[in-house]
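Work through the exercises below with the model open. Each task is followed by a solution in steps.

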Amino acid sequence: IGYDVTEDYVLLKENGIKTENIAYDVEVAAYDIDAINVRHKLEETAEQYLKLTLPELNEGAFAYLIYRLYNITKQKLEESGTLKLFNTIEMPLVEVLSEMQYNGMKCDSEELAKFGISLKERLNQLTNEIYEIAGEEFNINSTKQLGVILFEKLGLKAKKKTKSGYSTSEEVLNSLIDDSPIIEKILEYRGLMKLNSTYVDGLIPYINKKTGRIHSYFHQTITATGRISSTNPNLQNIPARDEFGKNIKKAFKPEKGYVYIDADYSQVELRVLAHISGDENMIRAFNNDEDIHREVASKVFDVPFEEVTKEQRSRAKAVNFGIVYGITSFGLAKQIGASRKQAQEYIDNYLEKYSGIKAFMEESVEMAKQNGYVETLFGRRRNVPELKSSNFMMREFGKRVAMNTPIQGTAADIMKIAMNNVYKELKAKNIDAKLILQVHDELLIEASEKDAEE
Ligand code: DCP
Ligand code: MN
Ligand code: MG
């Protein structure tokens, strides 16, 4: 029984000690009781549940607090009906996530550095081109100086002026894109700067000197929906699709003699939604092996079904999930670059075609108002106090939470079950392969070539 057992697990394993029989993690219990009020520190959790404040803690006191917290949180898990979720899904996952952190992901710093050099070359080139159009040298990273160049010297139309100067936000720049060739270059410049700071300069320090791998943290107690999150660094949002993203992914490669095996659930949240809502059309679509993302892409971007590109299909996801989770016509129009009227038509047609979904969403909000919480298929709960707020925006947020969490949270539960099972099976069959990354509905395994097939 512990608090944030993963920390101990990894530390012990680094010292050659394998932790067995992990029975109870108080921090995880607190998360399952109330995901939005987790304190993440033993002392603070003690204050929260035991109303105890201890001025100075020695190790004996830690053990005492953990034991008392174990008793009280267990009772609360029982009361909230989440003990089963905790015991069957969350607790087995503690070891899986600990192992993932311990395993890490191999990352080639030279490959990253090489990519950094090519980024810097392109940045230099852009800098010169920007100076040339501006007619002078200035600090492109200073929004103040950039504002003066764009809106005073080049005479572009300023949209917003704040206390600190002109706004040069991405939105403003995008709206000026046809007015001067400098805008496109500035946008590219900014994008590359960000890429460099996040994924080149940002990743290299995380590569462990001893292992040559990045040992990112996989947190089990952070998100409000039940999803896992990764930090230091976040390996769950490495851009995948564009050219630069591909370059970054090249730096991640398996150990010699090993290969990556990647599995990603197909249309996962839509399938969950079809099941939970019982919408007949959507269930039929899945029974017929249809690809709803592709169908929507074909409609929205007006291309034949067979000719939908990867990029279009990926953009259509935002449409699908946007609509089912309550996007406005305004928001959708912006996403897909259509008129508001057209966007409203898409939404109406969609919700008419899958009419069970709209009913389910309304019901979900109603239940949340009555109970004060929403639930996943596996009994994970999320309180939605926002629905009682006096603030309109907060209430609208609460509605979206009530629509989204049962679906996204159920998908998260399913993935956690899958991770536990994969972990168990790899061990039981003594397969030379390790789980190393989870990206919400995607699992990455590093497997020896000889065992890859199995
Ligand atoms: N997701 C989302 N909005 C997006 C993309 C994804 O809400 N723009 C959520 C819902 C997805 C889940 O993340 O179900 C997993 O993302 P994927 O990219 O794997 O999307 P799908 O599983 O739906 O589709 P695919 O069949 O391409 O895997
Ligand atoms: Mn998927
Ligand atoms: Mg995915």
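**Exercise 1. Find which residues coordinate the manganese ion (ligand 2), and describe the geometry of the site.**

Step 1. In this predicted model, the coordinating residues are Asp264 (OD), Tyr265 (O) and Asp441 (OD), at 2.0 to 2.1 Å from the manganese ion (ligand 2).

Step 2. Along the sequence, these donor residues follow the spacing D-Y-x175-D.

Step 3. The manganese ion (ligand 2) has six donor atoms, and the angles among them run from 80 to 178 degrees. The site is octahedral, because six donors count as octahedral if opposite donors are over 155 degrees apart and all others between 65 and 115.

**Exercise 2. Find which residues coordinate the magnesium ion (ligand 3), and where they sit in the chain.**

Step 1. Asp264 (OD) and Asp441 (OD) coordinate the magnesium ion (ligand 3), at 2.1 to 2.3 Å.

Step 2. Asp264 belongs to strand 7 (residues 258–264), while Asp441 is in the loop between strand 10 (433–438) and strand 11 (442–448). The pair links distant parts of the chain, with the two positions 177 residues apart in numbering.

Step 3. Asp264 also bridges the magnesium ion (ligand 3) and the manganese ion (ligand 2). The two ions lie 3.6 Å apart.

**Exercise 3. Classify Asp264, Tyr265 and Asp441 as buried, partly exposed or exposed.**

Step 1. The cut-offs are under 20% relative accessible area for buried and over 50% for exposed, with partly exposed in between.

Step 2. Asp264 has a relative accessible area of 45%, so Asp264 is partly exposed. Tyr265, at 36%, is therefore partly exposed as well.

Step 3. Asp441 has a value of 18%, so Asp441 is buried.

**Exercise 4. Describe the surroundings of ligand 1.**

Step 1. There are 13 residues around ligand 1, and those that come nearest are Asp264, His293, Arg313, Lys317 and Asp441. Asp264 and Asp441 appeared above as donors to the manganese ion (ligand 2).

Step 2. By class, the shell around ligand 1 holds six charged, four nonpolar and three polar residues.

Step 3. For polar atoms, start with Arg227: an N or O atom in its side chain is 3.3 Å from an oxygen atom of ligand 1. Val268 places a backbone N or O atom 3.2 Å from an oxygen atom of ligand 1. A backbone N or O atom of Glu269 is also 3.2 Å from an oxygen atom of ligand 1.

Step 4. Ligand 1 taken alone exposes 550 Å², and the protein buries 75% of that area.

Step 5. Helix 11 (268–277) and helix 14 (310–324) are the elements that give two or more residues to the shell around ligand 1. Helix 14 supplies the largest share, four residues.

**Exercise 5. Two serines, Ser298 and Ser329: where is each one, and what does its side chain contact?**

Step 1. Ser298 is part of helix 13 (residues 292–300). Its relative accessibility is 16%, so Ser298 counts as buried.

Step 2. A polar atom of the Ser298 side chain lies 2.8 Å from the backbone oxygen of Val303.

Step 3. Ser329 is in helix 15 (residues 329–336). With a relative accessible area of 9%, Ser329 is buried.

Step 4. The side chain of Ser329 makes a polar contact with the side chain of Gln344, at 3.3 Å.

How values were computed: Residues are numbered from 1 along each chain as its sequence is written. Chains are lettered from A and ligands numbered from 1 in the order in which they are written. This is a predicted model: local features need pLDDT of at least 70, side-chain atom pairs count only at pLDDT 80 or more; totals for chains, interfaces and linings use all residues. Side-chain values use heavy atoms; hydrogens and water are left out. Donors are N, O and S atoms within 2.8 Å of the metal (3.2 Å for Na, K and Ca); water is not among the atoms, so sites may look incomplete. Four donors count as tetrahedral if all angles lie between 85 and 135 degrees; four count as square planar and six as octahedral if opposite donors are over 155 degrees apart and all others between 65 and 115; anything else is irregular. Buried means under 20% relative accessible area, exposed over 50%, partly exposed in between (1.4 Å probe, protein chains only). A residue is near a molecule or strand if one of its heavy atoms lies within 4 Å of it. A polar contact is a pair of N or O atoms within 3.5 Å; within protein, one must be able to donate a hydrogen and the other to accept it, and residues adjacent in sequence count only if both atoms are side-chain atoms. Accessible areas come from the Shrake-Rupley method with a 1.4 Å probe; for residues, only the protein chains shown count as cover. Ala, Val, Leu, Ile, Met, Phe, Trp, Tyr, Cys and Pro count as nonpolar, Asp, Glu, Lys and Arg as charged, and the others, Gly among them, as polar.
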